[in-house]
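Work through the exercises below with the model open. Each task is followed by its solution.

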Amino acid sequence: MERIADEQITLIRESLIGKKIKARGVTGICEYFGYNDWFPNWKLQVTIGRMPIPYLELSDIELVD
């Protein structure tokens with residue numbers, strides 16, 4: 001997967017941070033969305049309840065109402 005542009009990352013963050021999401025079977029409040037600068041090969045990462053979930057594609061993340 002090609003890296004997402006910073007402008008798009010910012011827009012997606014605004015729609016995910018603080019909202020309930022599901023990624024790889026884990027559901028909770030999204031605390032972080034983006035790339036990990038320390039581990040650039042991790043692809044996209046979300047953090048739910050202090051638990052980082054790396055190696056994600058955008059399609060692996062869904063909003064939960």
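**Exercise 1. Find the ring under the charged end of R3, and give the distance to its centre.**

Solution. The ring belongs to Y35. The charged end of R3 sits over this ring, 3.9 Å from its centre. The criterion: NZ of Lys or CZ of Arg lies within 6 Å of the ring centre and within 35 degrees of the ring normal.

A note on the input: this is a predicted model, where local features need pLDDT of at least 70, side-chain atom pairs count only at pLDDT 80 or more, and totals for chains, interfaces and linings use all residues. Residues are numbered from 1 along each chain as its sequence is written, and side-chain values use heavy atoms, with hydrogens and water left out.

**Exercise 2. State how many aromatic pairs a search of the whole structure finds, and classify them.**

Solution. Step 1: set the rule. Rings of Phe, Tyr and Trp (its six-membered ring) pair if their centres lie within 6.5 Å; planes under 30 degrees apart are stacked, over 60 edge-to-face, the rest tilted.

Step 2: count. The search gives 2 aromatic pairs.

Step 3: classify. F39 and W42 are stacked, at 4.5 Å centre to centre and 10° between the planes. The centres of W42 and Y55 are 6.2 Å apart and their planes stand at 45°, so this pair is tilted.

Step 4: place the second pair. W42 lies in the loop between β2 (26–35) and β3 (44–48), and Y55 in strand β4 (residues 51–56), so the pair ties together parts 13 residues apart in sequence. Strands (E, at least two residues) are DSSP runs, numbered from the N terminus.

Step 5: join. Ring pairs link F39, W42 and Y55 into a cluster.

**Exercise 3. Decide whether F39, W42 and Y55 are buried or partly exposed.**

Solution. Buried means under 20% relative accessible area, exposed over 50%, partly exposed in between (1.4 Å probe, protein chains only). W42 has 18%, so W42 is buried. F39 has 39% and is partly exposed. Y55 has 42% and is partly exposed.

**Exercise 4. Describe how β3 and β4 pair, then find the positive phi values.**

Solution. Step 1: β3 and β4 pair in the antiparallel sense over 4 bridges. Pairing requires at least two DSSP bridges between the strands. L44 has L56 in β4 as its bridge partner.

Step 2: the hairpin has 2 residues between the strands, and G49 takes a positive phi near 55° there.

Step 3: look beyond glycine. K43 has a positive phi of about 60°. K43 is found in the loop between β2 and β3 and is partly exposed at 36%. Y55 also has a positive phi, near 60°. Y55 lies in strand β4.
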